Amino acid sequence: MVPKYIKENANDVVFNLEYNAERPHLIIPEYGRHLQKLIDQAKVIADKEERNKAARYIIQVMGSLNPHLRDVPDFQHKLWDQIFIMADFMLDVDSPYPIPTREVINLKPERLSYPQKNPKYRFYGNNIKYMIEVANKWDEGEMKSALVKVIANHMKKSYLSWNKDTVTDTVIFEHLYELSEGTINLLGSEEELSTTNDLIRTNKKVTNKSLVTSQKNLKIQGYKKPPLGKKPFVKNNNNPK
């Protein structure tokens, strides 16, 4: 009678253990080592028809690991590209999509240049420069004057948000003249911007609105704010041992 269970030698089991340091590197670790072994086995199949069947089976397994992406356009194309990448481009099978090459996969995009390296007035942001460039392209008239006033008010609001201090309109006009490289000059005009109190009040409204939103989120999560004027009860164990 064949025994149902065979007792194994503990020393043999430990000796045959595989360690990750001794295993080959996983190209796409998200799929796991078992799928990588399936691809390695498919690479050495002699019959091409059997290789194609094995590749299609592996694609089905890869798709089952991401069922939420089955209906995404070009998802199958992505899976076929990944199987060739995991096979180190040495899998000879018929693909329904163009077979990628190592040069295309390793191609690096061009480096994007930073729009502005060292802005002098960082508290205004880069968008002010874009708004000034747009204003310079407009013809003289009421629309351009209104846009210039909006830009100056926004600069004053940004100044107060970051510096937490009062500022005169003359300072804003000087900064606008400098940022526009002399194309927008309000220094000699009688234009008046929004008052500091109005802008500070607007900034406080935005801050209070974000605070109320965060408190509502805490309330939704089950956090209860203690009543006004009362501290939350904390039990202290003052009994000496």
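Which residues have the most contacts inside the largest nonpolar core? The legends below start there, and every view shows a predicted model.

**View 1. The largest nonpolar core brings together 22 residues.** Look for Y124, I151, M155, I172 and L176, the residues with the most contacts inside this core. Three helices, α6 (127–137), α7 (142–163) and α8 (169–179), each supply at least two of its residues. The largest share comes from α7, which gives seven residues. Once you have found this core, try finding another: a second, separate core has 19 residues, including L35, A42, I59 and V93.

**View 2. Y124 and its partners from elsewhere in the chain.** Here we set aside the neighbours of Y124 within four places in sequence. That leaves M155, S158, Y159, I172, H175 and L179 in contact with Y124. You have already met some of these names: M155 and I172 are among the residues with the most contacts inside the largest core.

**View 3. Helix α4 and its buried residues.** This helix has 12 residues and reaches 17 Å from its first C-alpha to its last, close to the 16 Å expected at 1.5 Å a residue. Its buried residues are F75, L79, W80, Q82, I83, F84, I85 and M86. What do they pack against? Their partners are α2 (32–43), α3 and α5.

**View 4. A tilted pair of rings, W80 and F84, in helix α4.** The two residues are four apart in the helix, so about one helical turn separates them. An α-helix has 3.6 residues a turn, so residues three or four places apart point the same way. The ring centres lie 6.4 Å apart and the planes meet at 35 degrees, which is why the pair counts as tilted. Are these two residues buried or exposed? W80 counts as buried at 5% relative accessibility, and F84 counts as buried at 2%.

**View 5. An edge-to-face pair, F123 and Y159.** The ring centres of F123 and Y159 are 5.3 Å apart, with 90 degrees between the planes. This pair links distant parts of the chain, 36 residues apart: F123 sits in the loop between α5 and α6, while Y159 belongs to helix α7. Y159 is buried, with a relative accessible area of 17%. Now widen your view a little: ring pairs join Y121, F123, Y124 and Y159 into a cluster.

**View 6. Two residues with positive phi after α4.** D88 follows α4 and has a phi near 60 degrees, even though D88 is not a glycine. F89 is another residue other than glycine with a positive phi near 60 degrees. D88 is found in the loop between α4 (75–86) and α5 (102–105), and F89 lies in the loop between α4 and α5 too. D88 is partly exposed, at 29% relative accessible area, and F89 is partly exposed at 24%.

**View 7. S180 and the backbone of L176.** A polar atom of the S180 side chain lies 2.8 Å from the backbone oxygen of L176. S180 is in the loop between α8 and α9 and is buried, with a relative accessible area of 4%.

**View 8. Confidence along the chain.** The mean pLDDT of the protein chain is 80, and 78% of its residues reach 70 or more. Where is confidence lowest and where is it highest? Helix α9 (residues 196–220) is lowest, at a mean of 59, and helix α3 (residues 48–65) is highest, at 93. Where pLDDT is low, the predicted coordinates should not be read in detail.

Terms used. Residues numbered from 1 in each chain as written. Heavy atoms only, no water. Core = buried A, V, L, I, M, F, W, Y, C linked by side-chain atoms within 4.5 Å. Buried < 20%, exposed > 50% of the residue type's maximum accessible area, 1.4 Å probe, protein only. Contact = heavy atoms within 4.5 Å. pLDDT = per-residue confidence, 0-100. Polar contact = N/O pair within 3.5 Å; in protein donor to acceptor, adjacent residues only side chain to side chain. Expected span 1.5 Å × (residues − 1). Phe/Tyr/Trp six-rings, centres within 6.5 Å; stacked < 30°, edge-to-face > 60°.
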